[in-house]
Amino acid sequence: MKTFDEAVELLRAFLRIDTTNPPGNEEKAAQFLEDIIKSEGLTAELYTAAPGRANLLSRIKGKQDGKPIILLGHIDVVPAREDEWTVHPFGAEVRDGYLYGRGAVDMKSQVICQLLAFLDLAHRGITPGRDIIFLATCDEEVGGANGVEYMLHKVPDLGDASFVLSEGGCLIEENGLVHAQVSVTEKKLSQFIIRAKGRGGHGSMPHGDNANEKIVAASQRILSQAWPLKSMPVTSAYLGGVLKGRKIGGAKFPPLKEALKVKKWRDLFEGNEIYNAILRNTVTLTVLKGGEKVNVIPSESSAYFDARLLPSETHEQFFKKIRQLAGKDVEIERIGEKISTPGPSRYNTIYFQGIKDCVASLGKDVLVLPFVTTGATDLRYFRDLGIPSYGFFPVTLTKEEHMRMHGKDERISLENIREGLEGCKGIVDFLASDRIP
Ligand SMILES: [Zn+2]
């Protein structure tokens, strides 16, 4: 087993490998992991989907055939603008007890913690009940075509897994209270562009056929739509736990369905960006393009929307509404992939119970609650196949730490790394144990 200091040095070296996606170039990072695995005497295989785009798989053979358990992690990261950071995003500097770097939270730390727990299992000569697969993929941040999607074609038994563990939840510290979010589902990505054409012309002579004005009017209608707040079993269980005992106007938090009928509770949900996002479809205007010169009426204009649907909603219903709102003056183009129905994973499972027990055994007396990730992760591919797939990394993050994830000065505390190593070891030991049927 690696010492804590060795683990931190490994993670630092891993963070220094720039895997910004696009373009990705994850091959070096995959080779880095391959070297570690091989130096421990295990085998690992690289799967190169495109030049420079590699995935890595290593397996500890179990007692039974079939239905492996997968420890999944992506090795690409989102871009970082060096001028916005106070340290170099790929310098892996340690300052005041924090390790800084793009990928520190999303999700190179979890990859290393899962890897070391996996190697430790092999090292102790433990034969798990089922095969345990360590899978590191590329391309997650841009949709996963070269990553998980490619691997599901190349290694058929991945699609027949009994359980997948990856990112999406952790222990969250809010107002001094800690609870664990185990992500069992996620919002559906439903991005689109609206485009308008019009007649060019001189800004001094408006003529009523201005592409920008059409986009502004259509965008305004789309953004004014109040998508209803809806209860799902997962959010009902989650908020029921987090808001237990909370009072408004002397009344305790009722079941979510009831709370949604009460304006004061709705105001609380809408005022909290996480509660709001897990209770309704969201539509965010992220890019506007149109016009270049102040005195010229543009003939083309467009707006990009990042929409995220509740897992229970369909793309078809959603776009029917969007088309209605957008009106006849604009065209709508759906973008991105169209995975249709990643339904929630069940959470009355031995896997959920096992994670609960692991959290408790870390000496943490906290609620462990099912959660909806608001972003999209590679787990949707597995949920789409009906495989119980949870997002959980056993580290305690504050909301602020969490928000740095795709932002500037992403970092993880050394204390968190210690927690992550210990917690992943506990979870992997559980997954190898005879508690798994
Ligand atoms: Zn991620």
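Reader: Which strand and which helix each supply at least two residues of the lining of the second largest pocket?
Author: This is a predicted model. In the second largest pocket, at least two lining residues come from each of two elements. They are strand 8 (177-186) and helix 6 (233-242).

Reader: Which element gives the most to that lining?
Author: The lining includes Leu177, Val178 and His179. Strand 8 spans 177-186. With 3 residues, the top contributor is strand 8.

Reader: How many nonpolar, polar and charged residues does the lining of the second largest pocket have?
Author: Among the lining residues are Glu174, Lys244 and Arg246. Others include Asn175, Asn272 and Leu367. Sorted by class, the lining has 5 nonpolar, 4 polar and 3 charged residues.

Reader: How much space lies in the second largest pocket?
Author: Rolling a probe the size of a water molecule over the atoms shows where empty space is left. For the second largest pocket, the value is about 370 Å³.

Reader: Where does the second largest pocket lie with respect to the domains?
Author: The domain assignment splits the chain into domain 1 (4-186 + 341-432) and domain 2 (188-334). Both give residues to the lining, so the pocket lies between domain 1 and domain 2.

Reader: How far apart are the C-alpha centres of domain 1 and domain 2, and how many residues does each give to the contact?
Author: The C-alpha centres of the two domains lie 31 Å apart. The contact takes 20 residues from domain 1 and 17 residues from domain 2.

Reader: What is the strand order of the open sheet of 3 strands, and which are its edge strands?
Author: The order is 4-5-20, with antiparallel pairing. Strand 5 (residues 98-100) pairs with strand 20 over 3 bridges. Each edge strand pairs on one side only; these are strand 4 (94-95) and strand 20 (411-413).

Reader: Which helix packs on that sheet, and at what angle to strand 20?
Author: The helix touches strand 4, strand 5 and strand 20. It is helix 14 (residues 414-432), and its direction makes about 75° with that of strand 20.

Reader: Which residue of strand 20 stands opposite Tyr98?
Author: Strand 5 covers residues 98-100 and pairs with strand 20 in the antiparallel sense. Opposite Tyr98 stands Ser413.

Reader: Which residues is Phe4 in contact with, leaving aside its neighbours within four places in sequence?
Author: Phe4 is found in helix 1 (residues 4-15). Phe4 and Ile412 are 408 residues apart in sequence, but 15 Å apart in space, C-alpha to C-alpha. The contacts of Phe4 are Leu414, Ile417, Arg418 and Leu421.

Reader: Where are Pro23 and Met107 found, and what omega goes with each cis peptide bond?
Author: Most residues other than glycine have a negative phi, and most peptide bonds are trans. Pro23 lies in the loop between helix 1 and helix 2 (27-39), and Met107 in the loop between strand 5 and helix 3 (108-123). Omega is about 5° for the cis bond joining Pro22 and Pro23. For the cis bond joining Asp106 and Met107, omega is about -15°.

Reader: What is the phi of Ala92?
Author: Ala92 sits in the loop between strand 3 (69-74) and strand 4. Its phi is positive, in a residue other than glycine, and is near 55°.

Conventions. Residues numbered from 1 in each chain as written. Predicted model: local features only at pLDDT ≥ 70, side-chain atom pairs only at ≥ 80, totals over all residues. Heavy atoms only, no water. Pairing = 2+ DSSP bridges. Helix = DSSP H or I, 4+ residues; strand = E, 2+ residues; numbered from the N terminus. Contact = heavy atoms within 4.5 Å. Axes fitted to C-alpha atoms, helices over the stretch in contact; angles between N-to-C directions. 1 Å grid on protein atoms, 1.4 Å probe; cavity = no way out; pocket = protein on both sides within 12 Å on 5 of 7 lines; lining within 4 Å. Points joined across faces, edges and corners; volume = space filled by probe spheres on them. Nonpolar A, V, L, I, M, F, W, Y, C, P; charged D, E, K, R; others polar. Domains from an automatic or database assignment.
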